[in-house]
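This report introduces one protein structure to a reader who meets it here without prior knowledge. The sequence and the model are shown first, and the description follows.

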Amino acid sequence: KRIVGSHFANYREAWEANRLVARGLIHPTLSRVYPLEETGQAAFDVHRNAHQGKVGVLCLAPEEGLGVRDEQTRARHLTAINRFRGV
């Protein structure tokens with residue numbers, strides 16, 4: 001399953017979706033992550049629809065992956081995580 005859309009859920013539904021993501025049963029679709037300095041480019045790419053899935057902007061972290069606490073789980077799902085990244 002993929003969560004695609006801008007309007008999503010109420011508090012209970014969001015909690016349940018986060019639980020399913022944590023269990024590796026669904027994978028958010030993130031195609032590209034931009035550094036904060038490239039926020040304008042990220043907005044432009046979204047405006048032009050030059051992306052698949054979602055785009056992210058690093059605001060409080062210097063690099064990707066710092067929020068991952070369970071490296072084994074991340075490794076197990078790496079293919080699905082990177083599905084739209086062309087890696």
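A residue is called buried when its relative accessible area is under 20%, exposed when that area is over 50%, and partly exposed in between, with a 1.4 Å probe and protein chains only. The model is predicted: local features need pLDDT of at least 70 and side-chain atom pairs count only at pLDDT 80 or more, while totals for chains, interfaces and linings use all residues. Residues are numbered from 1 along each chain as its sequence is written, and side-chain values use heavy atoms, with hydrogens and water left out.

**Overall fold**

The protein has four helices and two strands, arranged from the N terminus in the order α-β-α-β-α-α. These elements are DSSP runs numbered from the N terminus, where helices are H or I with at least four residues and strands are E with at least two. Of the 87 residues in the protein, 17% are buried. Contact here means heavy atoms within 4.5 Å. Among contacts between residues at least 6 apart in sequence, 50% join residues at least 24 apart.

**The strands and their crossover**

Strands β1 and β2 run parallel and are joined by five bridges; two strands pair if DSSP finds at least two bridges between them. Within this pairing, L30 stands opposite K54 in β2, and V33 stands opposite G56 in β2. Together with helix α2 (residues 39–47), β1 and β2 form a right-handed β-α-β unit. Right-handed means that, with the strands pointing away from the viewer, the path from the first strand over the helix to the second runs clockwise.

The loop between α2 and β2 contains N49. This residue is not a glycine, yet N49 has a positive phi of about 60°. Most residues other than glycine have a negative phi.

**Accessibility of selected residues**

The table places four residues and gives their accessibility.

| Residue | Location | Relative accessible area |
|---|---|---|
| N49 | loop between α2 and β2 | 58%, exposed |
| R76 | helix α3 | 57%, exposed |
| H77 | loop between α3 and α4 (78–81) | 15%, buried |
| N82 | segment after α4 | 18%, buried |

Some of these residues also meet distant parts of the chain. R76 and G24 are 52 residues apart in sequence, and their C-alpha atoms are 8.7 Å apart in space. H77 is in contact with R23, G24 and H27, when its neighbours within four places in sequence are left aside. N82 and L30 are 52 residues apart along the chain, with 7.6 Å between their C-alpha atoms.

**The largest pocket**

The largest pocket has a volume of about 720 Å³. Of the 23 residues that line this pocket, V21, P28, V68, R74 and I81 are the closest to its centre. The elements that give two or more residues to the lining are α1 (11–22), β1 (30–35), β2 (54–58) and α3 (71–76). On a 1 Å grid over the protein atoms alone, a pocket is an open set of points where a 1.4 Å probe fits, with protein on both sides within 12 Å along at least five of seven lines, and lining residues have an atom within 4 Å of a point. Grid points are joined across faces, edges and corners, and the volume is the space filled by probe spheres set on the points.

By class, the lining has 10 nonpolar, eight polar and five charged residues. Ala, Val, Leu, Ile, Met, Phe, Trp, Tyr, Cys and Pro count as nonpolar, Asp, Glu, Lys and Arg as charged, and the others, Gly among them, as polar.
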